[in-house]
There are 2 protein chains.
Amino acid sequence: MSEEIKPPMRRPTSYDVAREAGVSQSAVSRCFAPGGSIAPKTRARIVKVATQLGYRPNALAQGLISGRTKIVALLISNLTNLYYPEVLAELTRRLTERDTRVLLFSLGAESDVDGVLDQVWRHSVDGVICAARLSDEQILLFAEHRVPLVLYNRMPDTAQAASVCCDSAAGERELVEKLLAAGHRRFGIIAGPDDSYVGEERRRAALARLADAGLQDVAVVRGDFSYESGGAGLRALLDKEKTLDAVIAVSDLMAIGAIDTARDVFDLRIPHDMSIVGFDGSGPASWTSYQVTSIQQPVARMTKAAVMMLIERIEDDSATAERRLFAGKFIAGKSARITPRF
Amino acid sequence: MSEEIKPPMRRPTSYDVAREAGVSQSAVSRCFAPGGSIAPKTRARIVKVATQLGYRPNALAQGLISGRTKIVALLISNLTNLYYPEVLAELTRRLTERDTRVLLFSLGAESDVDGVLDQVWRHSVDGVICAARLSDEQILLFAEHRVPLVLYNRMPDTAQAASVCCDSAAGERELVEKLLAAGHRRFGIIAGPDDSYVGEERRRAALARLADAGLQDVAVVRGDFSYESGGAGLRALLDKEKTLDAVIAVSDLMAIGAIDTARDVFDLRIPHDMSIVGFDGSGPASWTSYQVTSIQQPVARMTKAAVMMLIERIEDDSATAERRLFAGKFIAGKSARITPRF
DNA sequence: CAACTCTATGCATTCGAATGCATTTTATAA
DNA sequence: TTATAAAATGCATTCGAATGCATAGAGTTG
C-alpha cells in the first residue's frame, strides 16, 4: 500500500502543531515570533512537528490580529514605459530583501487611482510607494488612513508627503547648457503629456534656461513618452520650424523615436546635422545605434532611498515629510554635439 | 473651532456601521455581499451610513473567513528582460479587471523559488501565474496545497500543469525555413542560458530543422537574453566561424545586440552581408534602426488565456491540466534576407 | 382571520494567530 | 532548605467579516 489515502487535509494550523507537540497554541505562536519566550527544548520539539506537518503561519490571520501585513503597495502608472520596469524590479528586490511583499497596482489611466486606493485601504498594506500622479486630496487620504506613503519621482502640489526624486530641473538645465555652449541656437522640445509631473518639470526647466539665454518662443510639441510619439514629435517640430539645431526630448524613449525618424525620414545625420537629447538613462539609450546624450537617473540609490524612507515611516508614524532629491548624471553619448563646431 | 479634535479613530468596522445604522453586523455583511438577502430600504440605510463613515470591508478578515483572497501571485524571473514588462502589464490589467489583486514576486536567481513559494502558501493566494522555472517537485507542491497554477511560456518536465505557451519550436522552424529558402547555408546560433525553457526549445528546434536540411555542426554560443550578450555572442560566433550567412538569436534583445555589433564592430550591412533573426516581437524589435525579422508572440491572446485558465481552475478545482499553445506571427522585418538572392 | 410562504434579520460561531495576564516551573540567592 | 526572582507555559480574548440556523415580520391565499 504505497498509496496512502490522504484525507482532504486542510493546511495545518498552529493548533494542529500544538496538539501534536503537546503544547498550547500560544507556545507555537511564540515559537515563531522573534523574541518569544520559549524553552529551547520546547522550541525544538515544536519546530520539528511544524516541519513535519509542513506548518506555515497564515499571513491573513497574522495581519488581522497584529495590524501588520508586511505588504506594501506599489502604484505605477505606465509599466510599458521601458524605464519603469527597471525601477519596479529594483523596488521589488529591495522590499523582498526586507521580508516585505509587493502588491502591484498598474494604473492605465490615472483616473483609476481612486479605485486603486480603495483596494489599498482594504488590504491594510503597511505602506505605499507611488510612481503615479496623486492629487492633494488623495495624498491627504493617506494621512487620514494612517498609511505611510513615499512618492517616487513626483512631488505633491501643496500637501506634505515624503518623496524621492531625480532632480529633473537641474538635469535638464545641464543638458541645455551643454547644447548652448556647443553653439546650438534653434531649439525644439518634445514634451510629455501635460499631466505628467516629470515631463512638465523638464519642459519648464528647459524653456527657462533657454529664455535665460535669450531664446524665446521655442517650439514645443507633446508626446506620450512612447517611441512612436518621439518620431511624431520630431515631424511636428520640423513642420513648424524648417531647421533646428537641437531637439530636447523629455525622455530617452522619445529621443530614440526622434533619432530614428530624423535619420530615416529626414535623412539627417545625428549629431552632425542635428543634436537630440533625452532623459532617464534607460537601457536602450546606451545601445550602439543611439547612444543618447542624456541624464541618467541614479535608480539604485533612488530605489534604496525610497524603500528606506518608507520603512522608516512604517516604524515611526510620527516621522514628518522629507524630500530627497538626487542629481542625475550627465551621459555624453553621441546623439548631441556638445563641443563647439570650431 | 474649525479644528475638530479627532479621536485616534481606527478604521470603521462592520460593527461600527451596524451600530450607527441600527442593525446587526450580519446585515452589514449581507449588504455588501453579492446576492445577500437584504431589504432595499435597509440596504439603503446601511450604505448611507457606510459611505458616511468611510467603511471598507477588511480584506484580511474576508480572506480569513471565506478562504478566498482575490489575490493571485505572479512569479516572474527577470523583469529586466524587456519582454516581460509587457506581459506583466497585460496580466496585471486583466486580473485587475476581474477584481483580483496581484502579489508580485520577482525572482532574481531561480534558486529563490522555494522561499517565494513559502510566501505564496502563507498568503493563501487564490492562484498563481508563473513565468519562471519550476521543478516537477515544486509543481507538485501546488497540487498538494490546492493552489491553482498556470505556467506562462514553459511546460513542466513530466508533472501535470496547466500552461499557456507560444509555440517556440514551430516559430523557430518557420524562421529557419525562410532563411534556408533564401539560400542561407552558414548558420550560427545565439542561444539562451541552458536553464531557460524557451531558450532551449528554440535552440533545439533551430538545430533540428537545420539538421533536416543537412546542416550539422552548427556553431552555438550562449547568452543570457541581454543586449550585451547578443553582441558578445556574435563576436564569439565570428571567432569560431569566419563567415556566416545567418545568425539565429533566440530573443529579440540578443538579436538587437548582435545587429549593433555586426554593424559597428564588424562593419557588416544587415541584412545584405548577414541575416540576423530574433524571437518575441517585443517593442524595440520594430524600431526603425532594427526591424528585426522575428516571431511575434500574441501577448494579448496569451495573457488573456492565462488569466481565463487560472480563473477557471480557481472556480473548479477539479479541472485537469490543459495546455494552450499559440502560434507566433512571422514578422518579415529587415534584419534578414528572406528572398533568394537571384 | 387563520394558516402558510417567503423574505429579512439577528444570534452565535468560525477562520488562525497574537498577546496580556495568571499560573506553573525552573533557576538563583540566602 | 526555603524564599524569591525569572523564565516558560497556558488560558482566554481579540482582530473583522461571513454564514448556518433560528426567528420575526411581511405577504399571500382560502
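# Chatting through a two-chain model with DNA

Visitor: Let's start somewhere odd. How many C-beta neighbours does A:Gln291 have inside 10 Å?

Guide: A:Gln291 has 18 C-beta neighbours inside 10 Å, so it counts as partly exposed. A residue is buried if 20 or more other C-beta atoms lie within 10 Å of its own, exposed if 12 or fewer, and partly exposed in between, with C-beta atoms placed from the backbone.

Visitor: Okay, and what should I know before trusting the labels?

Guide: This is a predicted model: local features need pLDDT of at least 70, side-chain atom pairs count only at pLDDT 80 or more, and totals for chains, interfaces and linings use all residues. Residues are numbered from 1 along each chain as its sequence is written, while chains are lettered from A and ligands numbered from 1 in the order in which they are written.

Visitor: Back to A:Gln291. Where does it sit, and what is its phi near?

Guide: A:Gln291 is in the loop between β9 and β10 (294-296) of chain A. Its phi is near 45°, a positive value in a residue other than glycine. Helices (H or I, at least four residues) and strands (E, at least two) are DSSP runs, numbered from the N terminus.

Visitor: What's the usual sign of phi?

Guide: Most residues other than glycine have a negative phi, and most peptide bonds are trans. A:Asn153 also has a positive phi, about 60°, although it is not a glycine. A:Asn153 lies in the loop between β4 (149-152) and β5 (162-166) of chain A and is buried, with 22 other C-beta atoms within 10 Å.

Visitor: And the peptide bond from A:Ile270 to A:Pro271, cis or trans?

Guide: Cis, with omega near 5°. A:Pro271 lies in the loop between α11 and β9 (275-277) of chain A. In chain B, the bond from B:Ile270 to B:Pro271 is cis too, with omega near 5°.

Visitor: New topic. How do you lay chain A on chain B?

Guide: A turn of 180° and a shift of 0.0 Å along the axis does it, with an RMSD of 0.1 Å. The fit is by least squares on the C-alpha atoms of residues with pLDDT of at least 70 in both copies. The two copies are thus related as by a two-fold rotation axis. In chain A, the C-alpha nearest that axis is that of A:Leu103, 2.3 Å from it.

Visitor: What does A:Leu103 stand opposite?

Guide: It faces B:Leu103 in β2(B). Strands β2(A) and β2(B) (residues 101-106) pair in the antiparallel sense over 3 bridges; strands pair if DSSP finds at least two bridges between them.

Visitor: How many residues does each chain put into the contact?

Guide: There are 35 residues from chain A and 35 residues from chain B. Being in contact means that the C-beta atoms of two residues, placed from the backbone, lie within 7 Å. On the side of chain A that touches chain B, the largest share, 6 residues, comes from α5(A). By class, that side has 16 nonpolar, 11 polar and 8 charged residues. Here Ala, Val, Leu, Ile, Met, Phe, Trp, Tyr, Cys and Pro count as nonpolar, Asp, Glu, Lys and Arg as charged, and the others, Gly among them, as polar.

Visitor: And the DNA? What surrounds strand D?

Guide: DNA strand D is surrounded by 27 residues, and the closest are A:Thr42, B:Thr13, B:Ser14, B:Ser26 and B:Ala61. A residue is near a strand if its C-beta atom, placed from the backbone, lies within 6 Å of it. By class, the surface near DNA strand D has 12 nonpolar, 13 polar and 2 charged residues.

Visitor: How about strand C?

Guide: DNA strand C has 28 residues around it, and the closest are A:Thr13, A:Ser14, A:Ser26, B:Ser24 and B:Thr42. That surface has 13 nonpolar, 13 polar and 2 charged residues.

Visitor: Last one. Why is β6(B) described as largely enclosed?

Guide: Because 5 of the 5 residues of β6 (residues 187-191) of chain B are buried, the strand is largely enclosed by the rest of the structure. B:Phe187, B:Ile189 and B:Ala191 point one way from β6(B), and B:Gly188 and B:Ile190 the other way. β6(B) pairs in the parallel sense with β8 (residues 246-249) of chain B over 4 bridges, and with β7 (residues 219-222) of chain B in the parallel sense over 4 bridges.
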